[in-house]
Amino acid sequence: MERDNRKDKFRKALNVVLAIAVFGAWGQMVFSGEGTLASTGLSSLKYFTVLSNLLEGFACLYWLAGKGAKGERLKFVATVAVSVTFLVVMTFLGPLYGYPAMFHGGNLWLHLIVPVGAILEQLFLSKSPFGRKDVLFAALPVLFYGAGYLGNILMNGVGEWPDTNDWYSFMMWGYPGAAVIYGGLLLISLALGLLFRKVRVKK
């Protein structure tokens, strides 16, 4: 019982830190635009990195408010979203732009520290079991973002730097390549959801 109480206190403290980190790093980006794949003002919301981290920040606050199972589910969805961010940075954007650029300024928190913290929390501190529907819900952020990203390019074109609509360079291989990347990210989000669910069920 005492061990569970310590874990609960630690998890609460971790969620406070994660929430502060998310909104602090986003604020830094909003006002300075410092870093690769960063924009000032509300234009920063075009990045999945920012949106997934904001979802994690709000999920932390929602869970801290004592929302029970709903809070756990939102944390689950947010963790999958920031995990996708982390994997894309480590496997695609890092090699493309360079890892120092990916971890500069506020992006250090949004690309690395917050996602890793959320993943560790989900694996070792989460208590609620999740069903198959939760795994499907966890893929919705990628589904909606990808549809909006590709839909914007279809309607407005790729554009040219710095006013490109393809800020993640997914169109380097044309529409077929972008569609493959989109489908791959959807599968990855589902796989991550299944992984987190399986680990939770085993625990």
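## The largest cavity

Helix H7 is the main contributor to the lining of the largest cavity, giving five residues. A word of orientation before going further: this is a predicted model. The cavity that H7 helps to line holds about 220 Å³ of space, and the elements that supply two or more of its lining residues are helix H2 (48-64), H3, helix H7 (140-156) and H8.

In total, 17 residues line the largest cavity, and those nearest its centre are Phe 48, Tyr 145, Tyr 168, Phe 170 and Leu 185. What is the chemical character of this lining, by class? It has 14 nonpolar residues, three polar ones and no charged ones.

## The second cavity

The structure has two cavities of 30 Å³ or more. The second largest has a volume of about 40 Å³. Around it sit Met 29, Leu 37, Tyr 47, Thr 49, Val 50, Asn 107, His 111 and Tyr 168. Two or more of these lining residues come from each of H2 and helix H5 (107-124).

Sorted by class, the lining of the second largest cavity comes to five nonpolar, three polar and no charged residues. If you are looking at Tyr 168 on screen, you will find it in the lining of the second largest cavity and among the residues nearest the centre of the largest one.

## The largest pocket

Now for the open space. The largest pocket has a volume of about 170 Å³. Its lining is made up of Val 84, Leu 87, Val 88, Thr 91, Phe 92, Phe 170, Ile 181, Gly 184, Leu 185 and Ile 188. Which helix gives the largest share of that lining? H3 does, with five residues.

Helix H3 (68-97) and helix H8 (174-202) each provide at least two residues of the pocket lining. By class, the lining has eight nonpolar residues, two polar and no charged. Phe 170 and Leu 185 belong to this pocket lining, and both are also among the residues nearest the centre of the largest cavity.

## How H3 packs on H5

H3 also packs against H5, at an angle of about 135° and with the axes 9 Å apart. That angle is why H3 counts as oblique to H5. The crossing of the two helices is left-handed.

On the H3 side, the contact includes Lys 75, Phe 76, Thr 79, Val 82 and Phe 86. From H5, the residues include Leu 110, His 111, Pro 115, Ile 119 and Glu 121. Taken by class, the contact between H3 and H5 has ten nonpolar, five polar and two charged residues. His 111 takes part in this contact and also lines the second largest cavity.

Definitions and conventions: Residues are numbered from 1 along each chain as its sequence is written. This is a predicted model: local features need pLDDT of at least 70, side-chain atom pairs count only at pLDDT 80 or more; totals for chains, interfaces and linings use all residues. Side-chain values use heavy atoms; hydrogens and water are left out. On a 1 Å grid over the protein atoms alone, a cavity is a set of points where a 1.4 Å probe fits but cannot get out, and a pocket is an open set with protein on both sides within 12 Å along at least five of seven lines; lining residues have an atom within 4 Å of a point. Grid points are joined across faces, edges and corners, and a volume is the space filled by probe spheres set on the points. Helices (H or I, at least four residues) and strands (E, at least two) are DSSP runs, numbered from the N terminus. Ala, Val, Leu, Ile, Met, Phe, Trp, Tyr, Cys and Pro count as nonpolar, Asp, Glu, Lys and Arg as charged, and the others, Gly among them, as polar. Axes are lines fitted to C-alpha atoms, for helices over the stretch in contact, and angles run from 0 to 180 degrees between N-to-C directions. Angles under 35 degrees count as roughly parallel, over 145 as roughly antiparallel, 65 to 115 as roughly perpendicular and the rest as oblique. A crossing is left-handed if the near helix is turned anticlockwise from the far one by less than a right angle, and right-handed if clockwise. Contact means heavy atoms within 4.5 Å.
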